[in-house]
Amino acid sequence: MSWLNYHHLLYFWTVARAGSIAKAGEELHLAQPTISSQLKLLEESLGHKLFERQGRKLVLTDVGRTVMRYADEIFRLGNELKNVVAGLPPGQQLRLNVGILDVIPKLVAEQLLKPALEAGPSLRIICREGPLPQLLASLALHELDVVLADAPSSEPVSVRSFNHLLGKCGVSFFAANNLRHLKKDFPRSLDGAPVLLPSDESSVRRSLDLWFERQNLRPLIAGDFDDSALLQAFGQSGHGVFAMPSVIESQMERAFNCSVIGRTDEIETCFYAITVERRLRHPAVVAIAEAARSQIFSV
């Protein structure tokens, strides 16, 4: 597939508006031979002459006038895009479309997104939850601005994605009243005890399995869950011990009426913002990343 070189189109558009290569060179801060060669490359790629010389003036050909109409619209839209990104008109909401991996605890997601709401009171957040491949596909189609995940992207998508580490922390183990006795002699107390775990596809599940093996523990797996909220609901009801990121310890104890029976830094949970941009540009995503790194986590 042959792609249009928009730099060449910009040079053509500037020459057509300025009326001469010399004036266009002054506006673009480029030498005349450079502009002339770029115009020639554009004409070769389109297969048509765009200018014809009449005396000392360059005049658009019929094809050149057609190209000029499209160029006007292209660069008008470009300026409009810059204005939208720089700042929306009063009364218009800035939107942030977020994909959240379904295994990320809801309290962590809320903490990560809270700074975006505080930074822009007119912000509207649209959250979609699901497995990573599905979210990355939506990101590739620009249906999402960012994906919050617990592991860097390594999935094949149609456009390249970039992983921005937000932070990392250890894990804490929580239990309802009927299992609080397991706090004594932790972690040995987990041997044979019922535990609730995230699904095998979760990065933290793999870390937990390795940690159990290193500690020579064989807990009784009472449940596997794709959804973190469902796992927490079962844990709150006393069906098993469950692990959550240590960064939300206090919120977990208040919200789920459960207690910390132990913790470890040997299991590391990481959180990433995945975007199609190497450098974060959306103001809400920038606010999320800055707050995560300076306030929520220690990177």
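Q: Why is asparagine 216 called partly exposed rather than buried or exposed?
A: This is a predicted model, and in it asparagine 216 has a relative accessible area of 47%. Buried means under 20% and exposed means over 50%, so asparagine 216 falls in between and counts as partly exposed.

Q: Where is asparagine 216, and what is its phi?
A: Asparagine 216 is in the loop between α7 (203–214) and β8 (220–225). Its phi is positive, about 60 degrees, although asparagine 216 is not a glycine. That's worth a mention because most residues other than glycine have a negative phi.

Q: What makes asparagine 257 exposed?
A: Asparagine 257 has a relative accessible area of 51%. Exposed starts over 50%, so asparagine 257 makes the cut. You'll find asparagine 257 in the loop between α9 (249–256) and β10, with a positive phi of about 50 degrees.

Q: How do you know that serine 189 is buried?
A: Its relative accessible area is 14%. The limit for buried is under 20%, so serine 189 qualifies. Serine 189 sits in the loop between β6 (162–175) and β7 (194–198). Leaving aside residues up to four places away in sequence, serine 189 touches Leu182 and Lys184.

Q: What is the peptide bond from phenylalanine 186 to proline 187 like, cis or trans?
A: That bond is cis, with omega near 5 degrees. Proline 187 is in the loop between β6 and β7.

Q: Why does lysine 49 count as exposed?
A: Lysine 49 has 55% relative accessibility. Exposed means over 50%, so the label fits lysine 49. Lysine 49 is found in the loop between α3 and β1 (51–54). Not counting residues up to four places away in sequence, lysine 49 touches Glu43, Thr61, Val63 and Gly64.

Q: What makes arginine 278 exposed?
A: Its relative accessibility is 58%. The cut-off is over 50%, so arginine 278 counts as exposed. Look for arginine 278 in the loop between β10 (259–275) and α10 (283–296). Setting aside residues up to four places away in sequence, arginine 278 touches Arg160, Phe162 and His164. The C-alpha atoms of arginine 278 and leucine 165 are separated by 12 Å, though 113 residues apart along the chain.

Q: How do you know that the buried residues of α2 are on the same side of the helix?
A: In α2 (residues 21–28), the buried residues are Ile21, Ala24, Gly25 and Leu28. They span an arc of only 105 degrees around the axis, so they are on the same side of α2. Over on the other side of α2, Lys23 and Glu26 are exposed.

Q: What covers the buried residues of α2?
A: The cover includes α1 (6–18), α3 (32–46) and β2 (57–60).

Q: Why are α2 and α3 called roughly perpendicular?
A: They pack at an angle of about 105 degrees, with their axes 9 Å apart. Angles of 65 to 115 degrees count as roughly perpendicular, so the name suits α2 and α3. The residues in this contact divide into 6 nonpolar, 3 polar and no charged.

Q: Which residues of α2 and α3 meet?
A: From α2 come Ile21, Ala22, Ala24, Gly25 and Leu28, and from α3 come Gln32, Ile35, Ser36 and Leu39.

Q: Where does UniProt place the feature "domain: HTH lysR-type"?
A: The unreviewed UniProt entry puts that feature at residues 4–61. The span is 62% helix and 14% strand, and its end C-alpha atoms lie 19 Å apart.

Note on methods:
Residues are numbered from 1 along each chain as its sequence is written. This is a predicted model: local features need pLDDT of at least 70, side-chain atom pairs count only at pLDDT 80 or more; totals for chains, interfaces and linings use all residues. Side-chain values use heavy atoms; hydrogens and water are left out. Buried means under 20% relative accessible area, exposed over 50%, partly exposed in between (1.4 Å probe, protein chains only). Helices (H or I, at least four residues) and strands (E, at least two) are DSSP runs, numbered from the N terminus. The arc is that of the directions from the helix axis to the C-beta atoms. Contact means heavy atoms within 4.5 Å. UniProt positions are given in the numbering used here, feature names are shortened, and annotations may be inferred rather than shown by experiment. Axes are lines fitted to C-alpha atoms, for helices over the stretch in contact, and angles run from 0 to 180 degrees between N-to-C directions. Angles under 35 degrees count as roughly parallel, over 145 as roughly antiparallel, 65 to 115 as roughly perpendicular and the rest as oblique. Ala, Val, Leu, Ile, Met, Phe, Trp, Tyr, Cys and Pro count as nonpolar, Asp, Glu, Lys and Arg as charged, and the others, Gly among them, as polar.
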